[in-house]
Amino acid sequence: MSQSNPSSPGAKQYSSLEELFSVMKRMSDDPLAKAGTNIVISRGNPKAKLLIIGEAPGPEENIQGKPFVGRAGQMLDKILQAANFDPEQDVYITNSVFRMPPGEDGKNFRKPTDTETDFYRPYVFEIIRLIDPFVMLLTGNVASYSILRKTGITSLRGKWTELQGRWIMPIFHPSYLLRNPSKEPGSPKAQMWDDIREVRKKYDELTGKTAAS
C-alpha cells in the first residue's frame, strides 16, 4: 500500500520507527516539554494492519511509558478481544499527543489543546506512514481532530472514511464507556459493540480472512 501512504504534514520522513522514535524521545521544543512528563508513543505489534490512535497519556501511561495501560486501556483490550483481536499481535496503538498535559484545578491531567495536538500531528502521520495500516480507529474527539480535522464524536462514531487508501472509523474513547456503563440498546457501550463488529468485518474483508462469526 505504499502508493497510498498519507503524506506527513510538515514532518521529515524517517527510514524506520526506531529512527523516528529516537528523535521523538529527544524532543525538547514541543509545547508540553516543560511539563516534566514522559514521551509516551506506542504499544502493540508494529506489523499490525489495525492502528488505534488515542488522545494523550494519563498518569498510568506516563509512568509505564505506553499508551492505554490504565483503566481505559483495560477496557479497550476487552473490546478488542470481544471482536477476536489480540491486542498485542493484531493491533498497534499510538497517541495524538505524546506527553501528558498537566492538570488544572486539582486534577492530574487535562485534555490536550488544539495547539498541542497540531504540534504532534506530523509525528502521528509519520507513524501512520511507517506502520502502513489497512484500518485505523480514532478514539474520541482529539484523535478525530488530529486525523480528520473533525470533532463531534457522537455523530462521527461508527462511520467509515476512506483517506488515501485507508479505512478510518472514529469510535468512543474507552474512558467515555467507563463513565457510561449501561449496556442497554442505544447506550454508548451498545454502540461501541456495533462499531467493533463493523471493524472486524472490514478488517477481515481487507485482509482476505473469513469474517468472524
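This report walks through a pair of packed helices and four individual residues in a predicted model.

**Where two helices meet**

A good place to start is the meeting of helix H4, residues 114-131, with helix H5, residues 140-148. Their axes lie 9 Å apart and make an angle of about 65°, so H4 is roughly perpendicular to H5. The crossing of these two helices is right-handed.

Which residues make the contact? From H4 come Asp114, Thr117, Asp118, Arg121, Val124, Phe125 and Ile128, while H5 brings Val142, Tyr145, Ser146 and Ile147. Sorted by character, the residues of this contact divide into six nonpolar, two polar and three charged.

**Ser96, a buried loop residue**

Next, have a look at Ser96, which sits in the loop between strand E3 (91-94) and H4. Is Ser96 buried or exposed? Its relative accessibility is 0%, and it therefore counts as buried, the cut-off being under 20%.

The surroundings of Ser96 can be listed by name. Setting aside residues up to four places away in sequence, Ser96 touches Ile53, Gly54, Glu55, Thr117, Tyr120, Val124, Val142, Ala143 and Ser146. Among these, Thr117 and Val124 also belong to the H4 side of the helix contact described above, and Val142 and Ser146 to the H5 side. With Gly54 there is a polar approach as well: a polar atom of the Ser96 side chain lies 2.7 Å from the backbone oxygen of Gly54.

**Two residues with positive phi**

Two loop residues have a positive phi although neither is a glycine: Arg149 and Gln164. The table sets them side by side.

| Residue | Phi | Loop | Relative accessible area |
|---|---|---|---|
| Arg149 | about 60° | between H5 and helix H6 (153-156) | 39%, partly exposed |
| Gln164 | about 50° | between strand E5 (161-163) and strand E6 (166-171) | 41%, partly exposed |

**Gly44 and its distant partners**

Finally, turn to Gly44, found in strand E1, residues 42-44. At 28% relative accessibility, this glycine counts as partly exposed. Which residues does Gly44 contact, leaving aside neighbours within four places in sequence? They are Pro87, Glu88, Val91 and Tyr92. Asp90 belongs in this picture too: its C-alpha atom is separated from that of Gly44 by 7.8 Å, although the two residues are 46 residues apart along the chain.

Methods. Residues numbered from 1 in each chain as written. Predicted model: local features only at pLDDT ≥ 70, side-chain atom pairs only at ≥ 80, totals over all residues. Heavy atoms only, no water. Axes fitted to C-alpha atoms, helices over the stretch in contact; angles between N-to-C directions. Helix = DSSP H or I, 4+ residues; strand = E, 2+ residues; numbered from the N terminus. Parallel < 35°, antiparallel > 145°, perpendicular 65-115°, else oblique. Left-handed = near helix turned anticlockwise from the far one by under 90°. Contact = heavy atoms within 4.5 Å. Nonpolar A, V, L, I, M, F, W, Y, C, P; charged D, E, K, R; others polar. Buried < 20%, exposed > 50% of the residue type's maximum accessible area, 1.4 Å probe, protein only. Polar contact = N/O pair within 3.5 Å; in protein donor to acceptor, adjacent residues only side chain to side chain.
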